[in-house]
Amino acid sequence: MPVRVQTEDFDLSTEVRQLRAGRPDVGAVATFIGTVRDINEGASVAEMELEHYPGMTEKALEDIVARARVRFNLADALVIHRVGPLLPQEQIVLVVTLSAHRGEAFAACEFIMDYLKSEAPFWKKEQTPDGARWVDARSSDEAALRRWSEPAA
């Protein structure tokens, strides 16, 4: 269950190839890449800086992936989250899920992202024309998370 928090960029093809290696039981691979937008809440964003607590952040991500593995019967999963200063269009996060079937891979990928957005200890600061501002949690992220509290079908 690989989880990495890093400043360096990542390559989707490389990461998927490495995760799938030697896994003939995998019939589905779902991926999600989050990127930095140039506009947020109506303001231009020149840069976004992500901060975290080393150790605590990795543990939170590992717990989220562990829950997804059980709930969706995953063969494996990968989460890479970048920290530090990032520019618009740069990659922030990668989630890859492997399973025997597509439904579980897609659902697990979305589950991991919903929990990551709400529970992982990351803090985002944006540089806008009006100066720096911290990004608050969104009610839409909390709403997305609530749907997973219902028992799995």
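Biologist: Is M56 buried, exposed or partly exposed?
Modeller: M56 is partly exposed in this predicted model. Its relative accessible area is 48%, and the label follows because partly exposed covers the range between under 20% and over 50%.

Biologist: Which element does M56 lie in?
Modeller: M56 belongs to helix α2, which spans residues 56–72.

Biologist: Which residues form a nonpolar patch with M56 on the surface?
Modeller: Y53, W123 and W134 form the patch together with M56. The accessible area of these four residues together is about 470 Å².

Biologist: And the surface of the protein, what does that come to?
Modeller: About 8,400 Å² is accessible. Carbon and sulfur atoms hold 50% of that.

Biologist: What percentage of the residues is buried?
Modeller: Of the 153 residues, 42% are buried.

Biologist: Switching to the fold. How many helices and strands?
Modeller: There are 4 helices and 10 strands. Read from the N terminus, the order is β-α-β-β-β-β-α-β-β-β-α-β-β-α.

Biologist: What share of the contacts with a separation of 6 or more comes from residues 24 or more positions apart?
Modeller: Such residue pairs account for 77% of those contacts.

Biologist: What about overall dimensions, say the box around the C-alpha atoms?
Modeller: Along the principal axes, the C-alpha atoms fill roughly 50 × 35 × 30 Å.

Biologist: How does the radius of gyration sit with a compact globule?
Modeller: The two agree: the protein has 16 Å, and a compact globule with 153 residues would have a value near 15 Å.

Conventions:
Residues numbered from 1 in each chain as written. Predicted model: local features only at pLDDT ≥ 70, side-chain atom pairs only at ≥ 80, totals over all residues. Heavy atoms only, no water. Patch = residues over 30% accessible without salt bridge, like charges linked within 9 Å, V, L, I, M, F, W, Y side chains within 5 Å. Areas by Shrake-Rupley, 256 points an atom, 1.4 Å probe, with all protein chains shown as cover. Salt bridge = Lys/Arg side-chain N within 4 Å of Asp/Glu carboxyl O. Helix = DSSP H or I, 4+ residues; strand = E, 2+ residues; numbered from the N terminus. Buried < 20%, exposed > 50% of the residue type's maximum accessible area, 1.4 Å probe, protein only. Rg over C-alpha atoms; globule rule 2.2 N^0.38 Å. Contact = heavy atoms within 4.5 Å.
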